[in-house]
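Trainee: I'd like to learn how to read packing in a model like this. Could you walk me through it, one feature at a time?

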Amino acid sequence: MNHAIVLAIVVCVFVPDTQGSYNKVLHFPEDATVSDYVTIEPNFREAQEAISVCAWVKKSSSESDMGIWLSYAVAASSWEMALSDNLQGWAAVLQGITIAQHEPILLSNKWYHYCFTWSLQSQAKDLFIDGDLVASEGTAGRKIDTTNATLVLGQHLAKAGASFHSGYVFRGELYQLNIFRRKLSHTEVQGIYQRGRCVALESSVGSDVIMSWEDFIFARRFGNVSVEDHKDCSKWNILYDVISDDFLNHLIQYHPW
């Protein structure tokens with residue numbers, strides 16, 4: 001069979017339509033206000049004793065405000081979970097206790113891989129940036145509260161039912177945000193980062209996702225938050241991910257280009 005035909009068949013069979021969640025970013029405008037956000041009903045029932053939140057994050061604003069890109073709020077207490085930059089680096093808050101990374105200094109308009117992990121058993125919460133552990137802190141803690149919970153992207157919500165704070169508006173882009181029902185290991189976090197933005201999660205970690213990027217892409221958006229194409233990723237990235245390098249090399253070697 002002609003190798004060009006074989007390659008075409010592989011593309012059609014293995015590469016999904018990019019009209020879904022792949023190759024799509026959530027864009028929060030440079031002039032975003034408290035009116036610009038995404039909200040979704042959280043599903044943390046399987047993550048009360050352990051959780052990991054990982055995403056690719058790009059901050060577009062050079063302003064001094066702290067941009068909180070994810071808030072998980074409950075009615076009974078404040079700051080149940082918030083993930084953000086901390087002006088110069090990145091930060092995470094769980095049950096009112098903050099861990100933060102200050103160096104190297106956060107650059108605007110640059111993609112970073114952000115991953116926050118925690119478990120009640122380990123009594124530790126860890127913050128990873130680009131696969132490196134940058135902050136860690138022990139905590140006695142408690143189970144994550146799931147009563148009357150709300151999850152918001154792009155704003156800070158201290159408690160369920162409270163108002164947004166204009167000093168915490170996120171301006172930038174999010175991509176491949178996934179929430180896991182366990183505390184990922186350092187090796188697993190490194191693996192996600194090293195695979196890059198444009199390929200799917202490995203099945204060993206993907207099977208533990210309880211809220212996927214697709215859930216967030218199709219969540220309810222408010223204001224001027226938009227879904228846009230990720231210019232750095234294409235269907236060819238998926239193709240290289242799902243078939244072996246040997247197979248591609250075979251096609252390239254024997255096809256009469």
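Mentor: Sure, and keep in mind that this is a predicted model. Let's start from one residue: leaving aside neighbours within four places in sequence, Leu151 is in contact with Val38, Thr39, Ile40, Pro42, Phe44, Leu70, Ser71, Tyr72, Ile179, Met211 and Phe216.

Trainee: Which residues touch the most other members of the largest nonpolar core?

Mentor: The general idea comes first: in soluble globular proteins, nonpolar side chains tend to be buried together. Here the largest nonpolar core has 49 residues, and Leu151 is among those touching the most other members, along with Trp69, Met81, Tyr114 and Leu153. A second, separate core has eight residues, including Cys54, Phe128, Ile192 and Val205.

Trainee: And the whole protein: how much of it is buried?

Mentor: Buried residues make up 49% of its 257 residues. The secondary structure comes to six helices and 15 strands. Look at the contacts too: among those between residues at least 6 apart in sequence, 73% join residues at least 24 apart.

Trainee: Let's move to helices. Which residues of H2 are buried?

Mentor: The general idea: an α-helix has 3.6 residues a turn, so residues three or four places apart point the same way. In H2, residues 186-195, the buried ones are Val189, Gly191 and Ile192. Looking down the axis of H2, you find these buried residues within an arc of 155 degrees, so they line one face of the helix. Thr187 and Gln194 are exposed, and they sit on the face turned away from the buried side.

Trainee: What do the buried residues of H2 pack against?

Mentor: Four strands and a helix are the partners to look for: S3 (50-59), S8 (111-119), S9 (124-129), S12 (172-180) and helix H3 (203-206). Then check what follows the helix: Gly196, just after H2, takes a positive phi of about 90 degrees.

Trainee: Do non-glycines count here as well? Which value of phi does Trp79 have?

Mentor: Trp79 has a positive phi of about 55 degrees, although it is not a glycine. You'll find Trp79 in the loop between S4 and strand S5 (81-85), and it is partly exposed, with a relative accessible area of 26%. Gln176 is another non-glycine with a positive phi, about 50 degrees. Gln176 is in strand S12 and counts as buried at 19% relative accessibility.

Trainee: Now the rings. How many aromatic pairs does a search of the whole structure find?

Mentor: Ten. As for how to read one, a pair of aromatic rings is described by the distance of the centres and the angle of the planes. Take Phe44 and Tyr72: their centres are 4.3 Å apart and their planes are at 20 degrees, so the pair is stacked. Phe44 lies in the loop between strand S2 (37-40) and S3, while Tyr72 is in strand S4 (residues 68-73), so the pair ties together parts that are 28 residues apart in sequence. Phe44 counts as buried at 1% relative accessibility, and Tyr72 counts as buried at 1% too.

Trainee: What about Trp90 and Tyr112: how far apart are the centres of their rings?

Mentor: 5.6 Å, with the planes at 65 degrees, so that pair is edge-to-face. Trp90 is in strand S6 (residues 90-94) and Tyr112 in strand S8, so the pair ties together parts 22 residues apart in sequence. Trp90 is buried, with a relative accessible area of 1%, and Tyr112 counts as buried at 8%. Ring pairs also link both of them with Trp69 and Tyr114 into a cluster.

Trainee: Which charged residue lies over the face of Tyr112?

Mentor: Lys110, at 5.2 Å from the ring centre. Elsewhere, the charged end of Arg197 sits over the ring of Trp56, 5.7 Å from its centre.

Trainee: Last one, a polar residue. Where is Ser60?

Mentor: Ser60 is in the loop between S3 and S4, and it counts as buried at 17% relative accessibility. A polar contact of 3.1 Å joins its side chain to that of Glu30. Not counting residues up to four places away in sequence, Ser60 touches Phe28, Glu30, Ser108, Asn109, Arg171 and Gly172.

Conventions
Residues are numbered from 1 along each chain as its sequence is written. This is a predicted model: local features need pLDDT of at least 70, side-chain atom pairs count only at pLDDT 80 or more; totals for chains, interfaces and linings use all residues. Side-chain values use heavy atoms; hydrogens and water are left out. Buried means under 20% relative accessible area, exposed over 50%, partly exposed in between (1.4 Å probe, protein chains only). Helices (H or I, at least four residues) and strands (E, at least two) are DSSP runs, numbered from the N terminus. The arc is that of the directions from the helix axis to the C-beta atoms. Contact means heavy atoms within 4.5 Å. A nonpolar core is a set of buried Ala, Val, Leu, Ile, Met, Phe, Trp, Tyr and Cys residues joined through side-chain atoms within 4.5 Å. Rings of Phe, Tyr and Trp (its six-membered ring) pair if their centres lie within 6.5 Å; planes under 30 degrees apart count as stacked, over 60 as edge-to-face and the rest as tilted. A charge sits over a ring if NZ of Lys or CZ of Arg is within 6 Å of the ring centre and within 35 degrees of the ring normal. A polar contact is a pair of N or O atoms within 3.5 Å; within protein, one must be able to donate a hydrogen and the other to accept it, and residues adjacent in sequence count only if both atoms are side-chain atoms.
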